[in-house]
Every structure is written in C-alpha cells, then in structure tokens.
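Welcome, and please open your viewer. We will take this one selection at a time, and you can follow along at your own pace.

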Amino acid sequence: MKCTRSTIRHQSGFTMIEVLAATVILAFAVIAVAEAVSVAQSQTYEALHDGRATSLAEAFLEEVVSKPYADPAGGEVNLGPDLDELSRNLFDNIDDYHGFTLDTLNADDPDVITDIAGNVLPQMYQIFSINISTQYTTVTLFESVPGISVTVTVTDKTGRAWTASRFVPESGG
C-alpha cells in the first residue's frame, strides 16, 4: 500500500528533543534536592556541635562554682591553685581554677577531657579545648558587691569559641 498524505497517521509520543529537555530538567531538580539535603545535614551537624560545646562549657562552669568561694585552708587570696594543688581533683575553691586548661588539640601531648569525678568523656567531646579564668571584681547594681567572675571558654580545632560566665558574690559559695 502506498502512503499518501491522507493515509499517514500521526504517531503519539515524544520527540528526542522533548526527552532530552525533560532529562536536563530532572537532572537539575535532583541536584537541587541533593544540595538541600546536604545543607540540612551540615546545619544539623553544626547545631549538634554547638550544643556539645555549650554543654561542655556549662558543665565546667558548674564544676567551678560548686566549689567554695574562699579557700577552706584560709591564708592568702591569690588567683590560681595553691602550691599543693597540683591537679584539678585537688582544687578546693573557685579561684584555684584560674588558668586551668585542657588542650585536646595539642598534637604533641593532648589532654583528655574528664568530668568532675575523673571519668573520661566520650570521644565527641575530645575535639574541644577548655580554658578557665577567674577574676576578683566588683559588680554594682544597687550597691557594690565584691565577688569573683568565672569564665569558661571552649574552643574547637577551627578556632570557634563558646563561652559560659558567671559572677559569684563574695558571700556565695
């Protein structure tokens, strides 16, 4: 049978150009979704990282302020540990923590972060370094109140820092 113009039927379907255009559009959509998932995962990690650093700073701050304001042995008031207080478990008052550092980022001799009882914290906390400073100061609101300011700084390997601070009045402890 000879095909003539009147006997040719149009076949339904897509042309090669249409298929190619649809494939390109689908590829861009997949890339956009993958990028959105990647960004969401990164933000989730950052939030978790921030939460761990903040909780570590707060835990160390609570440890420091749980100690008495004044040295139970009496004597001179000085920032930093007394001569016989060679390790953290021997600190017996707030100002003993002045200058205390745990440097887990030191490649030559990294410290290990432990809790107040000496238990090693999980690996997820061993990526931070801790520095504690104390300073005798006076805060004035309605009247002058002498006390000690405690600052705990937690730092990660990128140099990002999180800080927790508290003022402890002299009568507190």
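Let's begin at a turn. Select residues 144-156, which are strand E3, and then 161-169, which are strand E4. These two strands form a hairpin, with four residues between them. Click on Gly159 in that turn: its phi is positive, at about 95°. Please keep in mind that you are looking at a predicted model.

**The E3-E4 ladder**

Stay with this pair of strands. E3 and E4 run antiparallel to each other and are paired over nine bridges. Select Thr155 to see one of the matches: its bridge partner in E4 is Ala161. Then try Thr153, which has Thr163 of E4 opposite it.

**Back along the chain to E2**

Next, add residues 128-140, strand E2. Three residues make the link in the hairpin that joins E2 to E3. How many bridges pair E2 with E3? There are 13, again in the antiparallel sense. Pick Ile130 and look across to E3, where Val154 stands opposite.

**The whole sheet**

Now add residues 101-102, strand E1. You have four strands on screen, forming an open sheet in the order E1-E2-E3-E4 with antiparallel pairing. E1 and E4 are the edge strands, each pairing on one side only. If you wonder what links strands in general, they pair through backbone hydrogen bonds.

**The helix across the sheet**

Select residues 16-65 to bring up helix H1. H1 lies across E1, E2, E3 and E4, and runs at about 25° to E4. With this selection you have met every element: the chain has one helix and four strands. Read from the N terminus, their order is α-β-β-β-β.

**Into the core**

Show side chains for Leu56, Phe60, Ile130, Ile132, Val152 and Val154. Of the 26 residues in the largest nonpolar core, these touch the most other members. H1, E2, E3 and E4 each supply at least two residues of the core, and the top contributor is H1, with seven.

Zoom in on Ile132. Leaving out residues up to four places away in sequence, which residues does Ile132 touch? The list is Phe60, Val64, Tyr97, His98, Gly99, Phe100, Val150, Thr151 and Val152.

**A stop at Thr151**

One of those contacts, Thr151, deserves its own click. Thr151 lies in strand E3. Setting aside neighbours within four places in sequence, Thr151 is in contact with Asn131, Ile132 and Ser133, and also with Thr163, Ala164 and Ser165. Draw a line between the C-alpha atoms of Thr151 and His98: they are 9.2 Å apart in space, while 53 residues separate them in sequence.

**Zooming out**

Finally, show the whole chain. Its C-alpha atoms fill a box of roughly 120 × 45 × 20 Å along the principal axes. A compact globule of 173 residues would have a radius of gyration near 16 Å, whereas this chain has 31 Å. Buried residues make up 25% of the chain. Turn on the surface, and you are looking at about 11900 Å² of accessible area, 60% of it belonging to carbon and sulfur atoms. As for contacts between residues at least 6 apart in sequence, 53% join residues at least 24 apart.

Technical notes: Residues are numbered from 1 along each chain as its sequence is written. This is a predicted model: local features need pLDDT of at least 70, side-chain atom pairs count only at pLDDT 80 or more; totals for chains, interfaces and linings use all residues. Side-chain values use heavy atoms; hydrogens and water are left out. Two strands pair if DSSP finds at least two bridges between them. Contact means heavy atoms within 4.5 Å. Axes are lines fitted to C-alpha atoms, for helices over the stretch in contact, and angles run from 0 to 180 degrees between N-to-C directions. A nonpolar core is a set of buried Ala, Val, Leu, Ile, Met, Phe, Trp, Tyr and Cys residues joined through side-chain atoms within 4.5 Å. Buried means under 20% relative accessible area, exposed over 50%, partly exposed in between (1.4 Å probe, protein chains only). The radius of gyration is taken over C-alpha atoms; the globule rule is 2.2 Å times the number of residues to the power 0.38. Accessible areas come from the Shrake-Rupley method with a 1.4 Å probe; for residues, only the protein chains shown count as cover.
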